[in-house]
Amino acid sequence: MAVSLLAREVSDLCLGKPALRSLPISTSVAETLQALKNSGDTFLTVWSCDHHHTSKPNPPAGLDGADDDGGVDKCICVGKVSMVDVICYLCREENLLSPSSAFGAPVSVLLPKLPGLVAHVEPSSRLLEAIDLILQGAKNLVVPLKNRYISGSRRKQHPKLSPINSPTIHDGREFCWLTQEDIIRFLLSSIGLFAPTPALSIDTLGIISTDMLTIDYHSPASSALEAISRSVADQTSVAIVDSDGILIGELSPFTLACCDESAAAAITTLTAGELMAYIDCGGPPEDLVRVVMSRLKEQGLEAMLQEFCEISCCTSNSSPSQSSSSSDEESGNSTPSTTLRRSGKYTRSMSYSARMVRRAEAIVCHPKSSLVAVMIQAIAHRINYVWVIDDDCSLVGIVTFGGMLKVFRESFEAIA
């Protein structure tokens, strides 16, 4: 059984996974926002493709990987984007003054500048290789789906797919994400092989990290902007604490991803505690919406106020059957942002009910909790981390899937 586990290939963990929907690197922020709202996914991948690459790949027998003009497809996934990336981008000082002009920038402005967050892995790679890549800093692994090669004739049927259609085919193949959660779930299915390690406490194993992102409950939410961006890249969250270090809640990228771009105005004007209530499931309370509008006016952010009011109006009044004004579209006078706002099907009026949304309350454990208990807890809540609190509810640290994988990687040596 141990030998079988060591021999596992990455493709074994990708069975049944859906193909990644993607955006070209040339996509604008406005098109990215529209695609996110259209897709129903929490994120879309961004790809850089060279369709005239000189070095020829090795497709399976019978597959012609060349384009009509003799070039060869060479596509690389350079990252992924979510609504949180758009929101953080709109919160930048230069974009607060003119949010509508910010939509014309390329999608690359939304991608983190940290190298190595995404790594391409072949389906035949061993599980240990995938774990090593994650421990070296990769947060997501891009794996070709086995037996999902697409013939050249089928690719030619859709020569120019728009970003809204979110194509899934690259290099004649479809790809999927292999996440840290996928690997942890797989290891949990063979947890008995690692005994007695899984029964030990996270404190004993030394995987409680104090390198965590926190913000005071009464601090301006805007002061957590950098922390929110980092939490997206790290796949963690920002803890909200009081003056005594007691954990109150969190600003979760997962919850923020289910909001619309108007959350940028909330981050700009509210405190951390108010923002936690604003993004909680069920939609923003009316009193906080009024507070946001009032503070935007006080701060002289008239352009952001107009955007916020129009988005809020669409969210409360539009329905999926409504569409943007045909006269504006035909005249060519509508901007990308107004088109997004006016088209009911592109608003997130249904986002809190149609999407799986977790409340802003934090998921916690105790330092004496066993490793396997924390694994199950994280998997059950679909998160990559669990906050660790003491008996008095003070925040001690955080346990991540990365820390867990480090323990299992060391245990593999003993199994071998």
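**Exercise 1. Locate Cys393 and characterise its backbone and its surroundings.**

Solution. Step 1: Cys393 is situated in the loop that connects E12 with E13. The model under study is a predicted one.

Step 2: The phi angle of Cys393 is near 70°, which is positive although the residue is not a glycine. Most residues other than glycine have a negative phi.

Step 3: The two flanking strands are E12, residues 385-389, and E13, residues 395-400, and they pair in the antiparallel sense over five bridges. Together E12 and E13 form a hairpin with five residues between them, and Cys393 belongs to the turn. Within the pairing, Trp387 stands opposite Ile398 of E13.

Step 4: The relative accessible area of Cys393 is 37%. Buried residues lie under 20% and exposed residues over 50%; Cys393 is therefore partly exposed.

**Exercise 2. Describe Arg382 by its position, its phi angle and its salt-bridge partners.**

Solution. Step 1: Arg382 lies in the loop between helix H19 (371-380) and E12.

Step 2: Its phi is near 55°, again a positive value in a residue other than glycine.

Step 3: With a relative accessible area of 42%, Arg382 is partly exposed.

Step 4: Arg382 belongs to one network with Glu181 and Arg185, joined by salt bridges that share partners.

**Exercise 3. Examine three salt bridges, those of Asp12, Glu9 and Glu261, and state for each the distance and the burial of the partners.**

Solution. Step 1: Side chains of opposite charge can pair when their charged atoms come close. The cut-off applied here is 4 Å between a side-chain nitrogen of Lys or Arg and a carboxyl oxygen of Asp or Glu. By this rule the model contains 13 salt bridges.

Step 2: Asp12 pairs with Arg8, and their closest N and O atoms are 3.7 Å apart. Asp12 has a relative accessibility of 32% and is partly exposed; Arg8, at 31%, is partly exposed as well.

Step 3: Glu9 and Arg126 meet in a salt bridge with an N to O distance of 4.0 Å. This pair links distant parts of the chain, 117 residues apart: Glu9 is in the loop between helix H1 (2-6) and strand E1 (22-24), while Arg126 is in the loop between strand E4 (118-120) and helix H6 (127-135). Glu9 is partly exposed at 22% relative accessibility, and Arg126 is partly exposed at 36%.

Step 4: Glu261 forms a salt bridge with Lys37, the closest N and O atoms being 2.7 Å apart. Glu261 lies in the loop between helix H11 (253-256) and helix H12 (263-269), whereas Lys37 belongs to helix H2 (residues 29-39), so the pair ties together parts that are 224 residues apart in sequence. Glu261 and Lys37 are both buried.

**Exercise 4. Determine the strand order of the sheet that contains E8, E9 and E10, and place helix H13 relative to these strands.**

Solution. Step 1: The three strands form an open sheet in the order E8-E9-E10, with mixed pairing.

Step 2: Strand E8 (213-216) and strand E10 (247-251) are the edge strands, since each pairs on one side only. From one strand to the next, the twist averages 35°.

Step 3: E8 runs parallel to strand E9 (residues 238-241), and four bridges join the two. Asp216 stands opposite Val241 in E9.

Step 4: Helix H13 (residues 272-279) lies across E8, E9 and E10, and runs at about 60° to E10.

**Exercise 5. Analyse the loop between H8 and H9 through Ser190 and Pro196.**

Solution. Step 1: Ser190 is in the loop between helix H8 (180-188) and helix H9 (202-205), and Pro196 is found in the loop between H8 and H9.

Step 2: Ser190 has a relative accessibility of 9% and counts as buried. Its C-alpha atom is separated by 8.2 Å from that of Leu5, a residue 185 positions away along the chain.

Step 3: Ala195 and Pro196 are joined by a cis peptide bond with omega of about 5°. Most peptide bonds are trans.

**Exercise 6. Summarise the fold in overall numbers.**

Solution. Step 1: The protein has 20 helices and 13 strands.

Step 2: Of its 416 residues, 49% are buried. The protein exposes about 18,900 Å², of which carbon and sulfur atoms supply 51%.

Step 3: Among contacts between residues at least 6 apart in sequence, 71% join residues at least 24 apart.

Conventions: Residues numbered from 1 in each chain as written. Predicted model: local features only at pLDDT ≥ 70, side-chain atom pairs only at ≥ 80, totals over all residues. Heavy atoms only, no water. Buried < 20%, exposed > 50% of the residue type's maximum accessible area, 1.4 Å probe, protein only. Contact = heavy atoms within 4.5 Å. Areas by Shrake-Rupley, 256 points an atom, 1.4 Å probe, with all protein chains shown as cover. Pairing = 2+ DSSP bridges. Axes fitted to C-alpha atoms, helices over the stretch in contact; angles between N-to-C directions.
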